[in-house]
Amino acid sequence: MTGFKEFGKSAANAVLERVGRGVGKVQERRPLSYDVLESEDAYLVVFDAPGVTRSDVQVRYVEGEVQVRLDRFRDFHEGFEMRFPGRGLSLDGRARLPPDADVDAGEASATLSDSGTLRVEVPKRAHGTDVAVRSEAEAEETDAADETDAAGETDEADGADAADETDEADETDAADETDDAEDE
């Protein structure tokens, strides 16, 4: 009877292992769960990434989509035998951003939490700039100040030009006097 019992135990172990591997394969084919959130200046995509370390994670942004690949490894535990290998080792996820999303993918960042959550932040592109609104009186004061500054710069420039012209005239006069002295 012992042989029959051993056979039954062996068959049960083989079935459990096959079922476990099948469950793992199903998990690998099923995409990672995720949320897409939006703020004024970025999109945040949050993936479930259980049991991975930073070196196990690959993140890419391709054509409006955040793509994630997780390659995790099973830890071996001394004194224990694997009976049901049900966790998938290679997991993928894709999160499509809204069709009108205009993002700066080069500035994206990814953070892996200790609790197994992967957060990918993709900043939006800045279009245009905010323009300060001021009163008409403030605008006139600023324009008047700009004109005064510009006039001061012009006067200084004119003074510098005049000084240059005076220096050139002095050099010409000195050269003429030298020529006259040589002629005598």
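**Exercise 1.** Which pattern does the protein follow when read along the sequence?

*Solution.* The model is predicted. Its elements comprise 2 helices and 7 strands. Read along the sequence, they give the pattern α-β-β-β-β-β-β-β-α.

**Exercise 2.** Determine how Glu 65 is paired and which parts of the chain are thereby joined.

*Solution.* Step 1: the criterion for a salt bridge is a side-chain nitrogen of Lys or Arg within 4 Å of a carboxyl oxygen of Asp or Glu.
Step 2: Arg 94 meets this criterion with Glu 65, their closest N and O atoms being 3.0 Å apart. This pair links strand 5 (residues 90–96), which holds Arg 94, to strand 4 (residues 65–71), which holds Glu 65, across 29 residues.
Step 3: Arg 96 also forms a salt bridge with Glu 65, at 3.8 Å from N to O. Because Arg 96 lies in strand 5 and Glu 65 in strand 4, this pair ties together parts 31 residues apart in sequence.
Step 4: Glu 65, Arg 94 and Arg 96 are therefore linked in a network of salt bridges.

**Exercise 3.** Classify Glu 65 and Glu 136 as buried or exposed.

*Solution.* Step 1: buried means under 20% relative accessible area, and exposed means over 50%.
Step 2: Glu 65 has 12% relative accessibility, so this residue counts as buried.
Step 3: Glu 136, in helix 2 (residues 136–183), has 62% relative accessibility and therefore counts as exposed.
Step 4: Glu 136 belongs to a negative surface patch, whose members include Glu 138, Glu 140 and Asp 143.

Key: Residues numbered from 1 in each chain as written. Predicted model: local features only at pLDDT ≥ 70, side-chain atom pairs only at ≥ 80, totals over all residues. Heavy atoms only, no water. Patch = residues over 30% accessible without salt bridge, like charges linked within 9 Å, V, L, I, M, F, W, Y side chains within 5 Å. Areas by Shrake-Rupley, 256 points an atom, 1.4 Å probe, with all protein chains shown as cover. Lys, Arg positive; Asp, Glu negative; His and termini not counted. Charge placed at Lys NZ, Arg CZ, Asp CG, Glu CD. Helix = DSSP H or I, 4+ residues; strand = E, 2+ residues; numbered from the N terminus. Buried < 20%, exposed > 50% of the residue type's maximum accessible area, 1.4 Å probe, protein only.
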